[in-house]
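This briefing covers one protein chain. It goes from overall layout to strands, core, surface and single residues.

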Amino acid sequence: MAFHYSRRKLKPREEEETGELNIVPYLDILMNLILFMLLSINGLAAFGILNVNAPSYGGPNSTVAQQQDSDKPQLTLSVLISKKGHFVNSENAILGSKDGAPSPTIPIKADGSYDYAALNAQMVEIKKAFPSETKVIVAADPEIPYEALIQTMDAIRETQARPHRLLFPDVTLGAI
C-alpha cells in the first residue's frame with residue numbers, strides 16, 4: 001500500500017499565511033508595566049516630599065489682611081545663606097548684628113563649613129519667643145551649594161536633638 005498525501009494538506013492555506021499579529025500579550029505587558037511604574041512612583045514620592053511654599057505674586061487676600069489686623073506681635077522671619085554664614089532677619093533687623101554692621105548672625109566655622117547646630121539653637125530660642133509662628137523665608141546666594149540649602153532647611157524645620165519637635169515647618173523659598 002502506497003502512502004499518498006491528501007490534497008487538502010498539499011493545498012496552501014491562505015488564512016494562515018496572511019495571519020494577523022496578535023498584540024494582546026504585548027498590551028498585557030504594557031499595562032502591567034504602566035501600573036507598576038505608577039505605583040512605584042507614588043510610593044517613592046512620599047519619601048522626598050517637603051512642604052515648601054512658593055512666593056505668591058499679587059495683592060494680599062483676605063486671610064493676610066486678617067492676620068495683619070491682629071494685636072499679637074508678628075514675626076517675619078527670614079534666613080539668608082551667604083558665603084560668610086547665616087543671616088537671621090526679623091522685621092528688617094538682623095538678629096545678632098552689632099552696631100548695624102552687616103555681620104552674619106551665625107558665621108561659618110573655622111574650617112569653612114556652616115554651623116547648623118548653632119542655627120538650630122537660634123531657631124529654638126526664636127520659637128520660644130514666638131511659639132505660634134510656623135513660617136520662615138529661606139534665601140541663598142546663587143553660588144551656595146544645594147546641600148547647604150537643604151541642611152539649612154532641616155535645621156530650621158525641626159530640632160536636631162531627640163525627641164524632634166517642629167520649629168518652623170512652613171518654609172518659603174526666596175531670592176536675594
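Two strands count as paired if DSSP finds at least two bridges between them. By that rule S2 pairs with S6, through 4 bridges, and the two strands run parallel. The model is predicted. The chain has 176 residues, and 24% of them count as buried.

**Overall layout**
- The chain holds 6 helices and 7 strands.
- Along the sequence, the order is α-α-α-β-α-β-β-β-β-α-β-α-β.
- Among contacts with a separation of 6 or more, 63% join residues 24 or more positions apart.
- About 13600 Å² of the chain is exposed, and carbon and sulfur atoms supply 59% of that area.

**Strand S2 and its partners**
- S2 covers residues 77-81.
- Of its 5 residues, 4 are buried, so S2 is mostly covered, with buried meaning under 20% relative accessible area.
- S2 also pairs with S3, residues 85-90, through 5 bridges.
- S2 and S3 run antiparallel and form a hairpin with 3 residues between them.
- In the S2 and S3 pairing, Ile81 stands opposite His86.
- In the pairing of S2 with S6, Ser78 stands opposite Ile137.

**Nonpolar core**
- In soluble globular proteins, nonpolar side chains tend to be buried together.
- Here the largest nonpolar core has 23 residues.
- Those with the most contacts inside this core are Leu77, Val88, Leu119, Met123, Val136, Ile156 and Phe168.
- Four elements give two or more residues to the core: strand S2, helix H5 (116-129), strand S6 (135-140) and helix H6 (146-157).
- What does Leu119 touch, leaving aside its neighbours within four places in sequence? Its contacts are Val79, His86, Val88, Ile106, Thr152, Ala155 and Ile156.

**Nonpolar surface patch**
- A nonpolar patch on the surface is formed by Leu21, Ile23, Tyr26, Leu27, Leu30, Met31, Ile34 and Leu38.
- Together these residues have about 860 Å² of accessible area.
- One of them, Ile34, lies in helix H3, which spans residues 24-45.
- Is Ile34 exposed, partly exposed or buried? Ile34 counts as partly exposed because its relative accessibility is 40%, between the 20% and 50% cut-offs.

**Salt bridge in H5**
- Side chains of opposite charge can pair when their charged atoms come close.
- The chain has 1 salt bridge.
- The salt bridge joins Lys128 to Glu125, with the closest N and O atoms 3.8 Å apart.
- That distance falls within the 4 Å limit, so the pair qualifies.
- Both residues lie in helix H5, 3 residues apart, which is about one turn of the helix.
- Lys128 is exposed, at 59% relative accessible area, whereas Glu125 is partly exposed, at 48%.

**A buried loop residue**
- Where does Thr159 lie? Thr159 is found in the loop between H6 and strand S7 (170-175).
- Thr159 counts as buried because its relative accessible area is 8%, and the cut-off is under 20%.
- Leaving aside neighbours within four places in sequence, Thr159 is in contact with Asn120, Val124, His164, Arg165 and Leu167.

Definitions and conventions
Residues are numbered from 1 along each chain as its sequence is written. This is a predicted model: local features need pLDDT of at least 70, side-chain atom pairs count only at pLDDT 80 or more; totals for chains, interfaces and linings use all residues. Side-chain values use heavy atoms; hydrogens and water are left out. A nonpolar core is a set of buried Ala, Val, Leu, Ile, Met, Phe, Trp, Tyr and Cys residues joined through side-chain atoms within 4.5 Å. Buried means under 20% relative accessible area, exposed over 50%, partly exposed in between (1.4 Å probe, protein chains only). Contact means heavy atoms within 4.5 Å. Patches are made of residues with over 30% relative accessible area and no salt bridge: like charges are joined within 9 Å, nonpolar side chains (Val, Leu, Ile, Met, Phe, Trp, Tyr) within 5 Å. Accessible areas come from the Shrake-Rupley method with a 1.4 Å probe; for residues, only the protein chains shown count as cover. A salt bridge is a side-chain nitrogen of Lys or Arg within 4 Å of a carboxyl oxygen of Asp or Glu.
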